[in-house]
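Got the viewer open? Let's walk through this one selection at a time.

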Amino acid sequence: MPVDLCSAEFLRDPHSRYAEMRARGPVHRASYNGRPVWLVVGYDAARRALTDPRLARDPDSLGPRERQRLRASARSSRTYGGYQLPPELTGNLSRSDPPEHTRLRRLVGRSYRPRIVSRMRPEIETIVGSLLDGFADRSVVDIVADYALPLPLEVTCRLLGIPADDMSDFRAAAAVLLVNDQGRWQESATVVIDVLRRLMRAKRAEPAEDLLSALAATGHEDGGLTEDELTATAWLLITSGYATTANTIGNAVLALLTDPVRLAVLASAPQLIDRAVEELLRRDGGVNLAPVRVATEPVEIGDVTIDGGELVHIAVASANRDPAHFEDAERLDFERRQGDHLAFGHGMRYCLGAELARMETRIALARLLDRFPNLGLATDPASLRWQDTPVLRGVETLPVRLR
Ligand code: HEM
């Protein structure tokens, strides 16, 4: 029976299902909201699939026969992974293929420089410090709502230069699009596009030292970002670093609080934080499935042939626990050979925000453990609820005792 990626059973515990699938082969049939898809679970196959040019992000890359197949499978489903969103939100690098992807990534990469990211370090320290100050009189907090979510939200606003007021309308509307609520998505898409357009106009009129101003400036250049590409890029940058980072921080706290040996190792050797975060990203990163691909022609992976027009999900969370690649893969090991996990993808689509996300996670964890050395879970880990989407992996709430 193909795994149903949206079923409560899978969302609660994807890893035992992944282990069972990996033992049978690297690629399997699965379903997503009733739609048939392929699921890549093995490390080697996932790494190859992430860079395979025949696995495209943009359904417009398809020939007529493949498009027909994609449409036919759509009929058996309720909705699918953002494929119905308008071009003002999807015309960005994440949803494009070369040569468009190369052009957009170069333009965005020009604004999104390491310098911009390293300038964020003191800002992140300040945000983390003030969130922790807010815990002074409390004995129990929810790490998700009170810490892991506000941090990347604030970091994104400061990095991009978004006034906090603009974020409130935006967040409610964006939440609908991100969970793919078909009933309300059109109305929400209009709100989101309006907010983004207004923002980009303001950045053009009064540029500041922020990422959106830098991007808006490329619009004046020959071959620079068009109006719609700017809106779609702003949407991508706002949305891609939020839940992904929050989940990673939440998962990391949960992983450490349920592994007293590793927690004690980190507490006694805080200089291990970089290695610890890398290992936590590998085993418990906040992304489960890389953004969905569609095969433009038949693609063989292992003993399976994926036909043109079929959808492919690459389970980076499963690849990162593949025992054929990582020895004793289920175990957290801060001494592990580092660097080749797939939590941020691989190749030309490697996560643009990886360094920022690492920095946020390291500072968030280090300062939390330093300020509250007696931190402990305030609930039974078995009772935790996981988010209702197979794309990401994170708990809804994480109550902890501070003292
Ligand atoms: C721990 C947090 C994060 C994780 C686990 C994560 C993970 C990923 C993954 C798996 C991909 C997909 C690569 C693919 O399609 O093959 C990706 C792409 C991307 N991420 Fe992240 N991400 C995180 C944080 C961020 C942040 C903070 C930003 C921006 C500020 C960001 C921006 C992007 C962008 C723009 C892409 C698209 C790159 C492309 O298609 O060329 N991400 N990320």
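Start by selecting strands β2 (residues 27-32) and β3 (residues 35-40): they run antiparallel and are joined by 6 bridges. This is a predicted model, in which local features need pLDDT of at least 70 and side-chain atom pairs count only at pLDDT 80 or more, while totals for chains, interfaces and linings use all residues. Numbering starts from 1 along each chain as its sequence is written, and side-chain values use heavy atoms, with hydrogens and water left out.

A few words on terms before you click on. Helices (H or I, at least four residues) and strands (E, at least two) are DSSP runs, numbered from the N terminus. Two strands pair if DSSP finds at least two bridges between them.

**The hairpin and its sheet**

Label V27 and look across into β3: its bridge partner there is V40. The two strands make a hairpin with 2 residues between them. Now pick N33, which sits in the loop between β2 and β3. Its phi is positive, about 50°, although N33 is not a glycine. Most residues other than glycine have a negative phi, and most peptide bonds are trans. Is N33 buried or exposed? N33 has a relative accessible area of 17%, so it counts as buried (under 20% relative accessible area; exposed is over 50%, partly exposed in between, using a 1.4 Å probe and protein chains only).

Colour β2 by accessibility and you'll find 5 of its 6 residues buried. On to strand β1 (residues 3-4), which pairs with β2 in the parallel sense over 2 bridges. V3 has A30 as its bridge partner in β2, and D4 stands opposite S31.

Zoom out to the whole open sheet: 6 strands, in the order β1-β2-β3-β9-β6-β4, with mixed pairing. β1 and β4 (55-56) are the edge strands, each pairing on one side only.

**Aromatic stops**

How many aromatic pairs does the structure hold? There are 5; rings of Phe, Tyr and Trp (its six-membered ring) pair if their centres lie within 6.5 Å, and planes under 30 degrees apart count as stacked, over 60 as edge-to-face and the rest as tilted. Show F10 and Y18, an edge-to-face pair at 5.5 Å centre to centre with 85° between the planes. F10 counts as buried because its relative accessibility is 3%, and Y18 is buried at 0%.

Next, select Y43 and F326, another edge-to-face pair, at 5.5 Å centre to centre and 90° between the planes. This pair links distant parts of the chain: Y43 belongs to helix α3 (residues 43-51), F326 to the loop between α18 (316-319) and α19 (354-371), and 283 residues separate them. Both Y43 and F326 are buried.

Keep F326 on screen and add R282, which lies over the face of that ring, 5.1 Å from the ring centre. For a charge to sit over a ring, NZ of Lys or CZ of Arg has to be within 6 Å of the ring centre and within 35 degrees of the ring normal. R393 and W386 give you another case: the charged end of R393 sits over the W386 ring, 3.5 Å from its centre. Then highlight F135, Y147 and F372, which form one aromatic cluster.

**The iron, and the loop around C351**

Which residue is the only protein donor of the iron atom of the ligand? Show C351: its SG lies at 2.3 Å from the iron. Donors are N, O and S atoms within 2.8 Å of the metal (3.2 Å for Na, K and Ca), and since water is not among the atoms, sites may look incomplete. C351 lies in the loop between α18 and α19, and D328 is found in the loop between α18 and α19 too. D328 has a positive phi near 50° and is not a glycine; at 48% relative accessibility, D328 is partly exposed.

**Last stops**

Go to P98 and P99, joined by a cis peptide bond with omega about 5°. P99 is in the loop between α5 (87-90) and α6 (100-111).

Then select helix α15 (residues 243-257). Of its 15 residues, 13 are buried, so α15 is largely enclosed by the rest of the structure.

Finally, show the full chain, with its 19 helices and 11 strands. Buried residues make up 55% of the 403 residues, and the C-alpha trace spans about 60 × 60 × 40 Å along its principal axes.
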